[in-house]
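Subject: Structure handover

Hello,

Please find the structure below, as agreed. My notes on what was found in it follow directly after.

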Amino acid sequence: MAEKFLNEAGLALYDRRIRERLAQKADASAVPTRVGQLENDRDFITRQDVPEGAAASSSTPKMDGAPAPGAESAFARGDHVHPTDTSRLGTSGDGSQVTVSFNPAESRGAPRSGETLAVLLGRLAKNFADLGAMAYRDGVGREELDQAVRASLARADSALQSFTERDPTVPAWAKQAVKPAYTAAEVGAIPAEQADSFARKSDLTSVYRYKGSVATLAELPAQDNQVGDVYNVEATDMNYGWTGEAWDPLGQSFEVQAISSQEIDAITGG
């Protein structure tokens, strides 16, 4: 098969043809060259549309007041700055100056989405109060547990310490407190330090295996194939791999040719 590309001469011809086509489609005199020739479809006001005698306002921008349309005829300068609205909580900083009033909740409960900060802090205060000193401890000692819990743990510990395996199906060596140790060589295992040198069976399932060469596609075997088997077919000069259902072409040689001037003219209508 052959693939074609644009060489330097072809690219220059292609550019020339495109420019010729654009010249036929568009009238250069119809293209606007000034902002004033553009249609003002968004009702923007340009400098020439400013009413005679209009001036920039010298009033300080207002904040924290009741909304009002205002009565001044002067326009606002583009670099005017509004003062900070001190009646609202800032959106920057760490909130270290924010104070919140709250009361502990009447009962324990997990915080819920959408609750106010006062309610959330009230829940936390109730939970910490009920935990008492344990809320600030890294751990709990056995003596601090409930008597019934301590007794249950003691019985479980005693049962574990005195347990003896009596299952007859368990080998005697497995019942010993100290189990025998074997080397990798004794059990036929791969030493841990050599494990990375061997491939797993799962690593080899997609490896290609070259099986040979045949003259035509018809000679490719139809039976007793495994996924990954590869044959070369001399008639097509290609390799084919068995997918489990069919022979899939893996690639072929190809030739790269430059696009001719006649083909460029055919594409661009030159």
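Asp 224 sits in the loop that joins strand 2 (209-214) to strand 3. Its phi is near 55°, which is a positive value in a residue other than glycine. Asp 224 is exposed, because its relative accessible area of 78% is over the 50% cut-off. A second aspartate has a phi near 55°, again a positive value in a residue other than glycine: Asp 237. Asp 237 belongs to the loop between strand 3 and strand 4 (238-242).

Please keep in mind that this is a predicted model. The mean pLDDT of the protein is 80, and 85% of the residues score at least 70. Among the elements, strand 3 has the highest mean pLDDT, at 92, and strand 1 (residues 2-5) the lowest, at 70. Where pLDDT is low, the predicted coordinates should not be read in detail.

Overall layout

The protein contains six helices and six strands. Read from the N terminus, the order of the elements is β-α-α-α-α-α-β-β-β-β-β-α. Of the 270 residues, 10% are buried. Among contacts with a separation of 6 or more, 20% are between residues 24 or more positions apart. The accessible surface amounts to about 22900 Å², and carbon and sulfur atoms account for 53% of that area.

Aromatic pairs

The count of aromatic pairs is two. One of them is formed by Tyr 231 and Trp 247, with 5.5 Å from centre to centre and 85° between the planes. Why is this pair edge-to-face? The angle between the planes is 85°, and an angle over 60 degrees counts as edge-to-face, so the pair falls in that class.

The Tyr 231 and Trp 247 pair links distant parts of the chain: Tyr 231 is in strand 3 (residues 229-233) and Trp 247 in strand 5 (residues 247-252), with the two positions 16 residues apart in numbering. Tyr 231 is buried, with a relative accessible area of 15%. Trp 247 is buried too, at 18%. Both values count as buried because the cut-off is under 20%. Ring pairs join Tyr 231, Trp 242 and Trp 247 into a cluster.

Salt bridges

How many salt bridges does the count give? The number is eight. In one of them the side chains of Asp 265 and Arg 17 meet, at 2.4 Å from N to O. This pair connects distant parts of the chain, with Asp 265 in helix 6 (residues 261-268) and Arg 17 in helix 1, 248 residues apart. Arg 17 counts as buried, at 16% relative accessibility. Salt bridges also link Arg 17, Glu 20 and Asp 265 in a network.

Another salt bridge is formed by Arg 123 and Glu 115, whose closest N and O atoms are 2.8 Å apart. Is each partner buried or partly exposed? Arg 123 is buried, at 13% relative accessibility, whereas Glu 115 is partly exposed, with a relative accessible area of 22%.

Asp 130 and Lys 126 form a further salt bridge, and here the closest N and O atoms are 3.3 Å apart. Both residues lie in helix 2 (residues 117-131), four residues apart, which is about one turn of the helix. Asp 130 counts as partly exposed, at 35% relative accessibility.

Nonpolar surface patch

Leu 6, Leu 11, Tyr 14, Ile 18, Leu 22 and Ile 267 make up a nonpolar surface patch of about 560 Å². Helix 1 (residues 8-25) supplies the largest share of the patch, with four residues. One residue in helix 1 is Ile 18. How can Ile 18 belong to the patch when it is partly exposed? Patch residues need over 30% relative accessible area, so Ile 18 passes that cut-off with its 33%.

Regards

Key:
Residues numbered from 1 in each chain as written. Heavy atoms only, no water. Phe/Tyr/Trp six-rings, centres within 6.5 Å; stacked < 30°, edge-to-face > 60°. Buried < 20%, exposed > 50% of the residue type's maximum accessible area, 1.4 Å probe, protein only. Patch = residues over 30% accessible without salt bridge, like charges linked within 9 Å, V, L, I, M, F, W, Y side chains within 5 Å. Areas by Shrake-Rupley, 256 points an atom, 1.4 Å probe, with all protein chains shown as cover. Salt bridge = Lys/Arg side-chain N within 4 Å of Asp/Glu carboxyl O. Contact = heavy atoms within 4.5 Å. pLDDT = per-residue confidence, 0-100.
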